[in-house]
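Here are a few exercises to work through with the model open. Try each task before you read its solution.

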Amino acid sequence: MIVTRGWLSEFIDLEDISDEKLYETFNSIGLEVDSIKRVDIPSKVVVGKIISCQKHPDADKLNVCQIDVGSGTRQIVCGAANVVDAEFVAVAMIGATLPADFEIKFATLRGVDSEGMVCASSEIGLPSMGKGIMILDDSIGELEVGKELRQYDKINDTIIELELTANRGDCLSIHGVARDLSVAFNKELKHIEYKDIATEKLGIARVADLRIKGEIDANLCYKLAITEDFKSQILIDLRLAMVGVELDGILANILNYSTHATGVILRAYDAKSILGDSDKMLLQVYSEEKGIVSISSNDNILSIVGVNQNDAVVAGDSSTMLLLESSYIDPDILVEAISQTDMQKDDFYYKTSRGSESDLASGMSYLSNLLSVDDSYRYYEGHLSVESKWEPTHISVDSKEISLLIGQEIERNKIITILKNLQFGMKGREDNKFTVTVPRFRHDIKNIQDITEEIVRIIGINNIDAKRLSFVESNRLTDTTNRYLFKKSLRNRAVSAGLYENVSYLFSHRDTLLKYGFDVVDEKLDLANPIAEDLNTLRTTLLPNLLDAAKRNVNYNEKSIGLFEIGAMFDSQREQREVLSVLFSGQNATESVLNSGKPKMIDFGSFVQKLGSIIGEFSLVKCTQSNGLIHPYQSADIIYRGQKCGYLSKLHPVVQEEYGIEDTFIAQIDMDSLLPIHIDVTPISKFQGVYKDLSVVVDSSLPYSEVDKEISSLELEILKRWYPVDIYSDESLGEKQSLTIRFYIQSMHKTLQDEDIEETISAIMDRLEQSCQATLR
């Protein structure tokens, strides 16, 4: 954003403010100065009045001018084509030194003497204003022949370029920047007096009608005016050049100037082009999509509010009947809507999308005042308008909280004064708490942190005392942190067991899930826009993802593949839960001297051991799960803390062949079941314990889980734990098998006697004989 000191002075009194103070203040209030440049017009460049202008007798492109320079009339030869249209010009007198050390001397051009030079703007240190000389008018002040141009403050200006953050659309105008300065300097903005403008007898409603269709997200204001000619003003062109706006026609320059000055988006339509053969124009305002507001007439779109304007109805310097428009639309709504389209945007879109001013009346008045320089300019009484529904943002503020955020005590009244000066509304001022109403032009203010930032920048960051960082950490050990720490521990144990973590998308191929008998997400709840054809649904298991990763590793000639993944999966109703999935394929260990380079393949027992090293102690029971990956004979449900939490299995041979991998084992376990629980401390016996083995003969079809269940149901006080250590079968046993169980027996109160041990073993044997038809081997 580029401003000039003179332009700012139209809105705020800066007479007692130096350029250095202005620079410091801008940086202090968060409007960082990127560059500052003082325009310094050389001395001996004066206002000259052309008395006569005749063609050079010996050069077609030169003119010989007689120019009054106050101290007399000077003859000057000029090559600019537009000198014939000029009355007042900038004349560099003999002895003047222009930029680049160009000294003006007496010269003879094609036999004609020349006593000076008629200057273009760029030749005296001003920005370029296009081809030709600079034609002066009284917009820069009353013109006095012979007066040095450096004495005209409006052009001998200071140009300041500000680096605005993306949220400060309210400062994309001279008025917006002046508004912030008025708070920083504690000065009121100037009240601009607009001169009375002649009006037509007819009201605008007699010539134009406005119809609104549906709910509109924009504010609009229309005025109708007539004019015979447009009068250019050098101040407008010069200031636009100073702020980097490309010069165009006279009307376009006036519109750009007014918009840059006020922040209000202003457009002009050629009313006669809209009217055509009709006596009355009908404007229709409608919104087919939220945030995209169209203006049309006779089924022709005239413009999209804040985005573009139909070139066919844009008013130009030859237009004599103008439909003037000022508009505002919420930038958040507009940007979201336009991002979904490839709509063409014009130069005004940048300001609209960042946030323009919503005071449409002030923008319209400013524009009309500039147009009224032409005495033929008149407007029709009244205006047509559209008002959108708008609910201001209200933020509850506690002055103590603001002081706490800043780190320094700020008086409540000072906070209120700053916010009021920034045009925030106030209500309910009780104690330290009050409610702030955010003005419409500050759409970026959402919360108390944003309010605090406003207070800090107006006070000035340099005026906030530097303090050491001090904070009191609150207890952040929540269920979320506990879960995170547990998963981190689980990952470390899995890596220690020789597994690598796999990370995959939350998606899978629907056909793959159906092929292997897994549930799929209901189509009504499934992905609307999949990221890829082979990832077209939310996964209901992680195992296919692990199998894909295993296959890739086989292609890389890996012989031992251990993978795990902790991630989310979904049920048919898209309910999410987290699981631990494990896969081990191929060799059980790496090749080494210890195994002569020929390690064994992974088997059921080895996989169970690896899983136990990750999740801890668990037991297995007959598998109740059913899907196409599970082996019909080598599978089991996992029992953890007495609850079923998942399953493990050897990979089905058919699937193993499809993937082209070696023997593979898989497991899927619910994470919630694995989370640590609070365990009460239990006493430890100081008396010696005893291990005792018991071998029984049971039916070969009897699962160990039934034996375990019967022993557990005895609830023997001195029986601490038990586990199987051997299974044996031969022809002599027939359809039965020998099962050896090792028991650990220990008393909390005494040293065990032989009779205590025998009594315990007898009770176990009796129960197994009754419930499992076991016999002592």
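## Exercise 1: the seven-stranded sheet

One open sheet has seven strands in the order β28-β31-β32-β36-β35-β34-β33, and its pairing is mixed. Strands here are DSSP runs of E at least two residues long, while helices are runs of H or I of at least four residues, both numbered from the N terminus. Two strands pair if DSSP finds at least two bridges between them.

A word on ground rules: this is a predicted model, where local features need pLDDT of at least 70 and side-chain atom pairs count only at pLDDT 80 or more, though totals for chains, interfaces and linings use all residues. Residues are numbered from 1 along each chain as its sequence is written, and side-chain values use heavy atoms, leaving out hydrogens and water.

**Task.** Work out which strands stand at the edges of this sheet.

**Solution.** Look for strands with a single partner. β28 (500-501) and β33 (619-622) each have just one, so each has a side without a neighbour in the sheet.

## Exercise 2: strand β36

**Task.** Find which strands pair with β36, and decide whether its residues are buried or exposed.

**Solution.** Step one, take β32 (residues 576-586): seven bridges link it to β36 in the antiparallel sense. Along that pairing, Ser585 sits opposite Thr664, and Val582 faces Ala667.

Step two, go to β35 (residues 643-651), which runs antiparallel to β36 and is joined to it by five bridges. Here Tyr647 has Gln668 as its bridge partner.

Step three, check burial, where buried means under 20% relative accessible area, exposed over 50%, and partly exposed in between (1.4 Å probe, protein chains only). Seven of the seven residues of β36 (residues 664-670) are buried, so the strand is largely enclosed by the rest of the structure.

Step four, split the strand by face. Thr664, Ile666, Gln668 and Asp670 are buried on one side, and Phe665, Ala667 and Ile669 are buried on the other.

## Exercise 3: the four-stranded sheet

**Task.** In the open sheet ordered β38-β39-β37-β40, find the edge strands, then look at how β37 meets β39.

**Solution.** Start with the pairing, which is antiparallel in this sheet of four strands. β38 (719-728) and β40 (775-776) have a single partner strand each, so they stand at the edges with one side lacking a neighbour in the sheet. Now move inward: 10 bridges join β37 (residues 690-699) to β39 (residues 736-745). Asp693 is opposite Arg742 of β39.

## Exercise 4: a helix residue

**Task.** Place Ser399 and list what it touches.

**Solution.** Ser399 belongs to helix α10 (residues 399-406). Its relative accessible area is 4%, so Ser399 is buried. Leaving aside residues up to four places away in sequence, Ser399 touches Arg412, Ile415, Asn432 and Phe434, with contact meaning heavy atoms within 4.5 Å.

## Exercise 5: the whole chain

**Task.** How many helices and strands does the protein have, and what does its C-alpha trace span?

**Solution.** Count first: there are 20 helices and 40 strands. Along the principal axes, the C-alpha trace spans about 140 × 60 × 60 Å. Finish with burial: 48% of the 777 residues are buried.
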